[in-house]
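Here are my notes on the model you sent, set out as numbered points. Please read them with the structure open beside you.

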Amino acid sequence: MSNQRLTSQHTKLAIIGGIRAALLAGGNATKIELSQKLAISFPTISKFLALMESKGEVVSVGLDSSSGGRRAERYSYNPNYMLGLAIILEKNETNYTVFNCLGDVIEQGSTDSILVEEVSHLISFIKSKKNSHPTIHTVSIGVPGAVDNGKAFYIQGYEHYQNVDLKQLVEEQLSIATVVENDMNAAVIGYMAQQKPSEDISLFYLYLGQNGPGAGIVVNGRIVRGKTFFSGEVQFIPQYNEQNFLEALMSEDDEATTTAHIDKRIDAISRLVGSVTSILNPHCFIVCEEEIDTSMLHQITERSAVYVPREHLPQLAASNLKGDYLIGLQSLGLSELMSQRIED
């Protein structure tokens with residue numbers, strides 16, 4: 001494909017994406033309003049709106065009241081024209097949502113863990129959802145491991161998924177645009193999507209996890225992935241003479257609810273808060289509310305002040321990980337939906 005054609009295709013996608021985003025954000029608009037908002041000529045807007053209307057992607061919602069001249073036609077976006085599928089792969093179960101372009105949930109549920117099976121089970125699951133909802137155009141997949149542009153390369157305990165390029169596999173076999181993301185990166189994206197913080201926000205989202213601890217890190221509003229996409233694997237952080245963070249969290253006996261063990265976990269997390277504060281100085285340190293209750297969160301705050309000056313500590317907050325995770329995957333899927341091309 002020539003560079004000129006690539007540029008033309010890129011421009012076309014940018015215009016379509018801009019129209020989609022503007023109509024979804026504003027609810028409806030006229031051609032003139034879209035032209036002014038997107039800084040695109042009126043004839044070009046008219047051309048693309050006609051194409052999108054012919055496909056059923058946008059619909060006319062009537063004419064504006066007359067102001068003495070020709071009444072302008074107003075358009076809105078059909079949010080169900082394209083759907084997205086978000087899938088959380090975990091040790092104990094698989095959670096999923098089917099959602100439209102407004103983020104409204106069309107279907108939500110859970111099933112047995114696909115992560116412990118061959119990857120072909122994931123392909124079959126996506127195919128079944130596509131059969132039920134033929135307008136699914138994207139799938140976003142969350143995995144408990146490191147991800148390099150769609151390839152899961154550090155996913156402990158699930159050898160079927162180790163070094164598998166899930167993005168390439170799904171797109172080649174099912175022709176559905178695919179996003180694959182680390183679980184905690186997706187969770188912190190979802191947290192930001194709900195909080196709508198300032199662009200320069202820095203966050204650290206900790207999950208102790210079913211497969212060992214991990215973190216999603218945001219610096220100045222951007223996900224930190226690192227040189228080898230290994231960022232957030234906090235289990236390896238050294239904490240004591242002969243223990244890393246993961247080892248410090250583990251109980252030395254069968255009783256993991258003793259006062260001594262809980263105190264050890266609080267100290268380990270507090271040391272991590274101190275380390276993160278000293279290195280990143282984030283605005284907020286987020287934990288999973290199912291793992292750390294209000295009392296423990298208060299104790300962590302007090303203990304953290306032993307390691308670093310209190311005035312520099314981030315706000316410590318507990319959040320619903322599963323909800324953040326799904327919303328994060330939906331956000332990634334919605335971004336992908338906005339960039340989908342229109343079939344000629």
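1. Helices here are DSSP runs of H or I with at least four residues, strands are runs of E with at least two, and both are numbered from the N terminus. On that basis the chain of this predicted model comes to 10 helices and 18 strands.

2. As to overall dimensions, the C-alpha atoms of the chain fill a box of roughly 75 × 45 × 40 Å along the principal axes. The chain has 344 residues, of which 45% count as buried, and its accessible surface comes to about 17100 Å², with 48% of that area belonging to carbon and sulfur atoms. Among the contacts with a separation of 6 or more, 61% are made by residues 24 or more positions apart.

3. One open sheet deserves a look: three strands, in the order β8-β9-β10, are paired in the antiparallel sense, and β8 (146–148) and β10 (164–165) are its edge strands, each pairing on one side only. Between β8 and β9 (residues 151–154) there are three bridges, and aspartate 148 has lysine 151, in β9, as its bridge partner.

4. Which elements supply at least two residues each to the lining of the largest pocket? They are α6 (183–195), β14 (222–223) and α10 (321–338), and α10 gives the most, with six residues.

5. The largest pocket has a volume of about 400 Å³ and is lined by 15 residues, with Ile189, Ala193, Ile327, Ser331 and Leu332 lying nearest its centre. By character, the lining of this pocket divides into seven nonpolar, five polar and three charged residues.

Notes:
Residues are numbered from 1 along each chain as its sequence is written. This is a predicted model: local features need pLDDT of at least 70, side-chain atom pairs count only at pLDDT 80 or more; totals for chains, interfaces and linings use all residues. Side-chain values use heavy atoms; hydrogens and water are left out. On a 1 Å grid over the protein atoms alone, a cavity is a set of points where a 1.4 Å probe fits but cannot get out, and a pocket is an open set with protein on both sides within 12 Å along at least five of seven lines; lining residues have an atom within 4 Å of a point. Grid points are joined across faces, edges and corners, and a volume is the space filled by probe spheres set on the points. Ala, Val, Leu, Ile, Met, Phe, Trp, Tyr, Cys and Pro count as nonpolar, Asp, Glu, Lys and Arg as charged, and the others, Gly among them, as polar. Two strands pair if DSSP finds at least two bridges between them. Buried means under 20% relative accessible area, exposed over 50%, partly exposed in between (1.4 Å probe, protein chains only). Contact means heavy atoms within 4.5 Å. Accessible areas come from the Shrake-Rupley method with a 1.4 Å probe; for residues, only the protein chains shown count as cover.
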